[in-house]
Structure formats: C-alpha cells, structure tokens
Amino acid sequence: MSELYIRVAEDENEEPMEIPSEDDGTVLLSSVAAQFPGACGLRYRNPESQCMRGVRLVEGVLHAPENDWGNLVYVVNYPKDNKRKMDEIDAASAVKIKRGFQKTSDLIVLGLPWKTTEQDLKDYFSTFGEVIMVQVKRDAKTGNSKGFGFVRFTEYETQTKVIAQRHMIDGRWCDCKLPNSKACPDEPMRSRKIFVGRCTEDMTTDDLRQYFMQYGEVTDVFIPKPFRAFAFVTFADDQVAQALCGEDLIIKGVSVHISNAEPKHNNIHQLFPNFPGGSASLAAMFARSQYQFPSFHV
C-alpha cells in the first residue's frame, strides 16, 4: 500500500502540512504532535452540516472518518490550558517587542534619610508615574535603613524624567540613577568591594568565589597572607556589594560578617598600631587591596 498523506493545519485559514499515515490508513497522534507540539487530536468541518467534527482517537491512534481521509483539511486540537498558556506567551512576547529597548530598570535612590519608609518612597515617586516596586535597604540585625533604596516605574519615559533631576525626599536631597551608571566627577564611587570578617584558615579564594557567585558576578577575591581571619570580595555590580553589607552568612559551616570595605586612609598606622605582623606588612597589604578595615572591626 502506497504511503498516504493527510492535510493538517493549526487553523482552517492557514496553509496545511502533509502528515504521513500508517500502512493501515490510520495516523499516529505522535506524528501530528511532532509537527504541532502539544496537539491532542484532530477535527474537521463536515461538508454537509458545516459543523466541526472530531476525529476518533483510540490509544494514540487517529482513525479516518468513514474509513477515508479524503481531501479535507484537518485542524489540530490543543488542550484548553495549553492554548491559554500559548496565547499568554504570545501576548507577552508582543508586549516585549512593543517596548523594545525602552524596558524599565530598577533605579537606585542614594542619600535617603534614615526615617524614610517604603511608603514614603512610593508616595513621592508616584507623583511622577506608576510605580511597580519600591524598597529601602535595611540592616539585617537592627532593621535600620542603610541610606539607600530602589524604585521601578512602569513607563520608560517616567524613568528618564526621574533620572534627569535631583529629588527632595523628607527634607534631604537624593539622587536617583541606574545602579551601574558612572558617578559624577564630584561624587564618590560606591564600593563594589566587601569586607568578609571571621574567616577561617580552611577557606580558600575558590571557596569564597563559588559562594558569592550566587549573588552576582565576582571579579576578585583577596585573602591576605599571612592569614588575618578576613578577606575582600569584589563584585562587578556595586548594587550587589551594598545589598550584602551588614549580613551574617554561613560559609563552610562558619558564620562570617559582611561589611563595607572603605577607601584607605593615610592614618593606617594610627588606626592599627598593634596589628600583628607590624605596620609595614599592614601598609603593604592595603597597597594590594586598596581598602582598609571597616569602621567597626568584627
């Protein structure tokens, strides 16, 4: 028996595709699904009644109506849930295409007063446009504000307008920008480096790199030698570094404390006159790291 093909389309108005039948004249549902993923059956329009009819399906095998597939075009059936999901995906894709490069981003708000709450932020920025998200970063232990937060808008035009100006929030001037944007010449760069205190000697640079990579891209890990019970980790994104500051994390079963790595000062000898190893080795160490201990040593 010569191989027979039936015409199948995803919709009546679309160009059909030929699907091969089996030697006994039936068509495997798997053959249809191979060309139309998710298909669960076939239907066709009856020439006499003009009503849609379903093709009989038994254990994954489709049987020709009245033992003859004829020249009809058969339309693919999908489960309702699958079709709904596909429609949602198509709609979401259309929205993304429409927005294109004008997708909004999380903006960092710098210089927030300690008293500013998330509701305060939302109330203020809602005057510019619809707000999707606001967040004030807080210390994990005390719950106190860290002096910065994040906001995201629905419209790209609103985001552009907010970035273009300074903002008076709760009586204090604040700046709003993209987290990875460069600071102004007269504005200090926010640190991408963190101080990891309470390290143990069995922690290697690879251990720390692997652990902190879950938060973001790590560009450098520095453990001073001889061992000093601390390390420095540098991220590609300063937002990640700032978000981790103040946290207590468990690495290899040990609780380590994360704090800011501040720019080095000229008074290292005054700050740590009795540091083990002598002031000369201390100065050399910070020449390598370019950062000093945080203001509070853990």
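**Cores and salt bridges in a predicted model**

At 18% relative accessibility, Val134 falls in the buried class. The cut-off for that class is under 20%, and I start here because 18% is what puts Val134 in it. Please keep in mind that this is a predicted model. Val134 is part of strand S10, which covers residues 131–138. If we skip residues up to four places away in sequence, Val134 touches Glu118, Leu121, Lys122, Phe150 and Val151. Leu107 sits 27 residues from Val134 in sequence, and the two C-alpha atoms are 9.4 Å apart in space.

Now the chain as a whole. It has 298 residues, and 37% of them count as buried. There are 8 helices and 18 strands. Take the contacts between residues at least 6 apart in sequence: 61% of these join residues at least 24 apart. The exposed area of the chain is about 17800 Å², with carbon and sulfur atoms supplying 50% of it.

Next, the cores. In soluble globular proteins, nonpolar side chains tend to be buried together. Which residues touch the most other members of the largest nonpolar core? They are Ile194, Phe212 and Phe235, in a core of 21 residues. At least two residues of this core come from each of S14, H5, strand S15 (218–222), strand S16 (230–235), helix H6 (238–244), strand S17 (248–251) and strand S18 (254–260). Another core, of 17 residues, lies apart from this one and includes Ile6, Ala39, Leu42 and Tyr44.

Back to Phe235. With its neighbours within four places in sequence left aside, Phe235 has contacts that include Ile194, Phe212, Val218, Val240, Ala241 and Leu244. Arg192 and Glu217 are also among its contacts.

Cys199 belongs to the loop between strand S14 (193–197) and helix H5 (205–212). Is Cys199 buried or exposed? It is buried, because its relative accessible area is 8%, and the limit is under 20%. Outside its neighbours within four places in sequence, Cys199 is in contact with Phe227, Ala229, Phe230, Ala231 and Val256. Ser255 is 56 residues from Cys199 along the chain, with 8.2 Å between their C-alpha atoms.

On to charged pairs. Side chains of opposite charge can pair when their charged atoms come close. How many salt bridges does a search of the whole structure find? It finds 7.

One of them is between Asp175 and Arg166, at 3.1 Å from N to O. Asp175 is partly exposed at 22% relative accessibility, and Arg166 is partly exposed at 46%.

Lys252 forms a salt bridge with Asp202, and here the closest N and O atoms are 3.9 Å apart. Lys252 is in the loop between S17 and S18, while Asp202 is in the loop between S14 and H5, so this pair ties together parts 50 residues apart in sequence. Both ends are partly exposed: Lys252 has a relative accessible area of 46%, and Asp202 has 44%.

Lys252 also meets Asp207 in a salt bridge, at 3.1 Å from N to O. That pair links distant parts of the chain, as Asp207 is in helix H5 and Lys252 is in the loop between S17 and S18, 45 residues apart. Asp207 is partly exposed, with a relative accessible area of 24%.

Last item: Lys141, Arg198 and Asp248 are joined into one network by salt bridges that share partners.

Notes. Residues numbered from 1 in each chain as written. Predicted model: local features only at pLDDT ≥ 70, side-chain atom pairs only at ≥ 80, totals over all residues. Heavy atoms only, no water. Helix = DSSP H or I, 4+ residues; strand = E, 2+ residues; numbered from the N terminus. Buried < 20%, exposed > 50% of the residue type's maximum accessible area, 1.4 Å probe, protein only. Contact = heavy atoms within 4.5 Å. Core = buried A, V, L, I, M, F, W, Y, C linked by side-chain atoms within 4.5 Å. Areas by Shrake-Rupley, 256 points an atom, 1.4 Å probe, with all protein chains shown as cover. Salt bridge = Lys/Arg side-chain N within 4 Å of Asp/Glu carboxyl O.
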